[in-house]
Amino acid sequence: MHTQMESNTVYGASLAGSGFDLVKFIKQPQTITRFFSWVFAIVVFASITAEGYVNSATEQIAKCVFNKSDGVCHYGVGIGVIAFMASAAFLLADAALPMMSNAQERKYVVMADLGFSGSWTFLWFVCFCLTADQWSKTVDTQGIPTDAVHAVIAFSFFSIGSWGALTYFALARYRQGVSDVTQNYPEPSPDQSTPYPTTYAPSTYPSFQNSSQDVFQQPPFVPNNEPDGQSNYQPPTY
């Protein structure tokens, strides 16, 4: 009883049946950080999609503004779109977490959050390095919307910090969840009040052999081997 009063959460969310508190959910640092990550992802992939491709006076095909490297633009749009959808999905998962009565299900959600946030922290770092490096190598900047380029580079950098913070929050929530499960659901200890141990084996077994000397023992069956022609059997007469 004392253990249950000490902790009312499992994996960073209230126990099932406690209800959903919208104001508390919105004020959580993890919710605020995830919302900013969602906004940063929109800025990156929207800027590249809208103003990330231009064509020069001598070329009819639009090329990526980052040193005409289409791979950089494709990479930024790809991880930006996935980060946008994942942020929305994990926001819904965070809201549904208090309604999950199974601690194992909460554990899977937190582990998925931890793995994805850590991976996207690294991918945003790669995006920042690629865009900054290719932009520094871009020679012809005429006609290129530099504001969009600077927005992509800046918000890629901001995304490193936001997703890194989400990774930290997920790791802290996972560690807290393991501790909460141990406190709220301790392993049952063996009952010491029982007079018998768990595995009982008597030291001596009762003997069912009769120790009396008058035990009758039937001799083994011995066939009567009679000589040929001297059998006592006589066929009946009718």
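The questions below concern salt bridges, burial, a surface patch and empty space in a predicted model.

In this predicted model, local features need pLDDT of at least 70 and side-chain atom pairs count only at pLDDT 80 or more, while totals for chains, interfaces and linings use all residues. Residues are numbered from 1 along each chain as its sequence is written, and side-chain values use heavy atoms, with hydrogens and water left out.

Q: What makes Arg-34 and Asp-113 a salt bridge?
A: A salt bridge is a side-chain nitrogen of Lys or Arg within 4 Å of a carboxyl oxygen of Asp or Glu. The closest N and O atoms of Arg-34 and Asp-113 are 2.9 Å apart, so the pair meets the rule. Arg-34 lies in helix α3 and Asp-113 in helix α5 (residues 103–136), so the contact ties together parts 79 residues apart in sequence. Helices here are DSSP runs of H or I with at least four residues, numbered from the N terminus. By the salt-bridge rule the count comes to five.

Q: Why are Arg-34 and Asp-113 called buried?
A: Buried means under 20% relative accessible area, exposed over 50%, and partly exposed in between (1.4 Å probe, protein chains only). Arg-34 has a relative accessible area of 0% and therefore counts as buried. Asp-113 is also at 0%, so the term buried applies to Asp-113.

Q: How do you know that Asp-94 forms a salt bridge with Arg-173?
A: Their closest N and O atoms are 3.4 Å apart, which is within the 4 Å limit. Asp-94 in helix α4 (residues 70–96) is thereby linked to Arg-173 in helix α6, 79 residues apart. Both residues are buried; for Arg-173 the relative accessible area is 8%, so the cut-off for burial is met.

Q: What joins Asp-113 to Arg-173?
A: Their side chains meet in a salt bridge, with 3.2 Å from N to O. This pair links helix α5 with helix α6, 60 residues apart. Arg-34, Asp-94, Asp-113 and Arg-173 are thus linked in a network of salt bridges.

Q: Why is Ile-26 called partly exposed?
A: Its relative accessibility is 48%, so Ile-26 falls between the limits for buried and exposed. Ile-26 is in helix α2 (residues 22–27).

Q: What makes Phe-20, Leu-22, Ile-26 and Met-99 a patch?
A: Patch residues have over 30% relative accessible area and no salt bridge; like charges are joined within 9 Å, and nonpolar side chains (Val, Leu, Ile, Met, Phe, Trp, Tyr) within 5 Å. These four form a nonpolar patch on the surface, with about 400 Å² of accessible area together. The areas come from the Shrake-Rupley method with a 1.4 Å probe.

Q: What makes an empty space a cavity, and what makes it a pocket?
A: On a 1 Å grid over the protein atoms alone, a cavity is a set of points where a 1.4 Å probe fits but cannot get out. A pocket is an open set with protein on both sides within 12 Å along at least five of seven lines, and lining residues have an atom within 4 Å of a point. The search finds one cavity of 30 Å³ or more. The second largest pocket holds about 280 Å³.

Terms used:
Grid points are joined across faces, edges and corners, and a volume is the space filled by probe spheres set on the points. Helices (H or I, at least four residues) and strands (E, at least two) are DSSP runs, numbered from the N terminus.
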